Amino acid sequence: MSKFRSNGKREMPELNTSSLPDLIFTVLFFFMMVTSMRDVEVKVQVKTPTGGSEIEKLERKSLVSHIYIGPPSKQYRAIYGAAPRIQLNDYFAEPEAIREFVISERESMYEKDKPFMKMSLKIDQGVQMGIVTDVKQELRKARALNIVYSAGKEKKD
């Protein structure tokens, strides 16, 4: 009569979890590849000025190299004092070292991107213009003529 018989005691087959570790490691590997870590620890205090009239967001941040100018953070004041310092990547430097910094940053780029290289100056708002002028002169000597000044947006109440 009927080809199919139903015995009320059907068991559900177990779920095969043998490929689960492969899947977990694949997802972990994906997130490790697409996540970028901050590679520079800012060792100076930088409170950028706000309220600029021509503030624009940079499109290709991979073409931007940062130079930080400001007084050292609290943990570095005992070593370097309270006078404003120049930070290139992870180290403090004198203005004369900027040319070498620009050359190394330029060499790390693709050939097609080198003309679009930008130097971003992140300067504390209390820094005197003397040190900024020295940095700009060294950038000029290194033929890094595309300079961007970092500023924050003015907060509206």
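This passage describes the overall form, the sheet, the packing and a few individual residues of a predicted model.

The secondary structure of the protein amounts to four helices and five strands. Read from the N terminus, these elements follow the order α-β-α-β-β-α-β-α-β. The radius of gyration is 27 Å, well over the 15 Å that the globule rule gives for 157 residues, so the protein is more spread out than a compact globule. Along the principal axes, the C-alpha atoms occupy a box of roughly 100 × 40 × 35 Å. Of the 157 residues, 29% are buried. The protein exposes about 12,800 Å², and carbon and sulfur atoms account for 54% of that area. When contacts between residues at least 6 apart in sequence are considered, 70% of them join residues at least 24 apart.

The five strands form an open sheet in the order β3-β2-β1-β4-β5, and the pairing is mixed. Its edges are β3 (91–93) and β5 (147–149), each of which pairs on one side only. From one strand to the next, the twist averages 30°. As a reminder for what comes next, strands of a sheet pair through backbone hydrogen bonds, either parallel or antiparallel. Both senses can be found here. Strands β1 and β4 are parallel and share six bridges, with Val64 having Lys118 of β4 as its bridge partner. Strands β4 and β5 also run parallel, joined by three bridges; here Ser120 is partnered by Val148 in β5. By contrast, β2 (residues 85–88) runs antiparallel to β3, again with three bridges, and Ile86 stands opposite Ala93 in β3.

Two helices can be followed against this sheet. Helix α3 (residues 98–107) packs on the sheet and touches β1 (64–70), β2, β3 and β4 (118–123), its direction making about 155° with that of β1. Helix α4 (residues 129–141) lies across β1, β2, β4 and β5, and runs at about 170° to β4.

The packing can also be read from the nonpolar residues. The largest nonpolar core has 21 residues, of which Ile67, Ile69, Val102, Met119, Val135 and Leu139 touch the most other members. At least two residues of this core come from each of β1, β2, α3, β4 and α4. Helix α4 provides the largest share, four residues. Apart from this core lies another, of five residues, including Val40, Val44, Tyr68 and Phe92. Ile69 offers a good view of the surroundings of the larger core: beyond residues up to four places away in sequence, Ile69 touches Val44, Val46, Arg85, Ile86, Lys122, Ile123, Asp124, Val127, Ile131 and Val135.

One of these contacts of Ile69, Ile123, merits a look of its own. Ile123 belongs to strand β4 and is buried, with a relative accessible area of 12%. Setting aside residues up to four places away in sequence, Ile123 touches Val46, Lys47, Thr48, Pro49, Ile69, Val132 and Tyr149. Between Ile123 and Arg140, 17 residues apart in sequence, the C-alpha to C-alpha distance is 18 Å.

On the edge strand β5 sits Ile147. With a relative accessible area of 27%, Ile147 is partly exposed, because this value falls between the 20% below which a residue is buried and the 50% above which a residue is exposed. Its contacts, leaving out neighbours within four places in sequence, are Met119, Leu121, Lys136 and Leu139. The C-alpha atoms of Ile147 and Tyr91 are separated by 21 Å, and the two residues are 56 apart along the chain.

Finally, two loop residues deserve a mention for their backbone geometry. Asn89, in the loop between β2 and β3, has a phi near 55°, a positive value in a residue other than glycine. Asn89 is partly exposed, with a relative accessible area of 29%. Arg143, in the loop between α4 and β5, has a positive phi of about 60° and is likewise not a glycine. Arg143 is exposed, at a relative accessible area of 62%.

Conventions. Residues numbered from 1 in each chain as written. Predicted model: local features only at pLDDT ≥ 70, side-chain atom pairs only at ≥ 80, totals over all residues. Heavy atoms only, no water. Pairing = 2+ DSSP bridges. Axes fitted to C-alpha atoms, helices over the stretch in contact; angles between N-to-C directions. Contact = heavy atoms within 4.5 Å. Buried < 20%, exposed > 50% of the residue type's maximum accessible area, 1.4 Å probe, protein only. Rg over C-alpha atoms; globule rule 2.2 N^0.38 Å. Areas by Shrake-Rupley, 256 points an atom, 1.4 Å probe, with all protein chains shown as cover. Core = buried A, V, L, I, M, F, W, Y, C linked by side-chain atoms within 4.5 Å.
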